[in-house]
Amino acid sequence: MKPSQRGMWPYLFLSPAIVLFTLFLAVPIGYTVYLAMRRTKVSGLGLGKGARREVYVGFDNFAAALADAELWSGWLRVLGYGALVLVVMLGLALLFALMLDSARVRLARFSRIAIFLPYAVPGVAATLLWGFLYLPSLSPIRDVLDVDFLGATTVTYSMANVAVWGGVGFNMLVLYTTLRAIPRDLYEAARLDGASEFQIAVRVKIPILAPAIVLTTVFSIIATIQVFTEPTTLRPLTNTISSTWSPLMKVYRDAFVTGDLYSAAATSIVIAAISLVLSFGFLRVVRNHAFREG
């Protein structure tokens, strides 16, 4: 076999992934950018052949998206929702991972499965389950707590509860797997120095877990920005969730309700850009501490 022929084998094995990437990621992204720079121009009454035609408008759709008050109102709601979800979800995931890694833990395998199991439930099914538990006529919780879980002031907390319930298990598993890879000798050395289990967790385990915590935080930030399932599924159960509660819900409304694909495409690109800025901004802030980079 000639050297030039041997050099083609890696590309042959990579070709299925390249084809899938091109068809299902690169092409849709390119088409979205194309739509974001176009708009339908209507002539006269919009009747007859040629009355409606697609024209190039440059960055006008992006300017309109950035000036849309509904989009920024949705961002404010998502930021409040995200701050609540990130703190509670990652805090519980870290707590459970440390508890399961403790030398005195019992029923560790059952506990891991029990904590991870909600993550295996599809998001729509989980939201519907909690939605019926929130309804006053069906919820056994309302017999104990006199709280309107779908009210204007509480619906954000109700949605955050669904996200936390489903997301703790995945993040816990990532952190717990990292903990299991730490050499046990470090813990024994700390115990010989007189450190308690709490001190080992705070001074040994958590610093070593820093890169994994950053990883799960970035994943959680991206997932929070893209929140769509919870508000969309709960919306038929209450009138406190608008059709533009989150930025992605606005994209869905523009594309499939009002039929404005061009505005939806521009808004989706704005959302992707903001997600990129927030994710990389967080990484830039924490990388020196987590990854010891200067």
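**View 1. A polar contact links the side chains of arginine 38 and glutamate 54.** Let's start close in: the two side chains meet at 3.4 Å. Please keep in mind that this is a predicted model. Glu54 also appears among the residues that arginine 38 touches.

**View 2. Arginine 38 sits in strand β1 and is buried.** The strand covers residues 38-42. Arginine 38 has a relative accessibility of 19%, and because buried means under 20%, this residue counts as buried.

**View 3. Several residues surround arginine 38 in its contact list.** Leaving aside residues up to four places away in sequence, arginine 38 touches Glu54, Val55, Tyr56, Val57, Asn61 and Tyr262.

**View 4. Strand β1 belongs to a protein with 12 helices and 2 strands.** Following the sequence, you will meet the elements in the order α-α-β-β-α-α-α-α-α-α-α-α-α-α. Of the contacts with a separation of 6 or more, 65% join residues 24 or more positions apart.

**View 5. The whole protein has a radius of gyration of 25 Å.** For a compact globule of 294 residues, a value near 19 Å would be expected. Along the principal axes, the C-alpha atoms fill a box of roughly 85 × 75 × 35 Å. Buried residues make up 35% of the 294 residues, and arginine 38 is one of the buried residues.

**View 6. Surface and charge complete the picture.** The accessible surface comes to about 17,700 Å², and carbon and sulfur atoms contribute 68% of this area. There are 25 positive and 16 negative side chains, with 9 Å between the centres of the two sets.

Terms used
Residues are numbered from 1 along each chain as its sequence is written. This is a predicted model: local features need pLDDT of at least 70, side-chain atom pairs count only at pLDDT 80 or more; totals for chains, interfaces and linings use all residues. Side-chain values use heavy atoms; hydrogens and water are left out. Helices (H or I, at least four residues) and strands (E, at least two) are DSSP runs, numbered from the N terminus. Buried means under 20% relative accessible area, exposed over 50%, partly exposed in between (1.4 Å probe, protein chains only). A polar contact is a pair of N or O atoms within 3.5 Å; within protein, one must be able to donate a hydrogen and the other to accept it, and residues adjacent in sequence count only if both atoms are side-chain atoms. Contact means heavy atoms within 4.5 Å. The radius of gyration is taken over C-alpha atoms; the globule rule is 2.2 Å times the number of residues to the power 0.38. Accessible areas come from the Shrake-Rupley method with a 1.4 Å probe; for residues, only the protein chains shown count as cover. Lys and Arg count as positive and Asp and Glu as negative; His and the chain ends are not counted. The place of a charge is taken as NZ of Lys, CZ of Arg, CG of Asp or CD of Glu.
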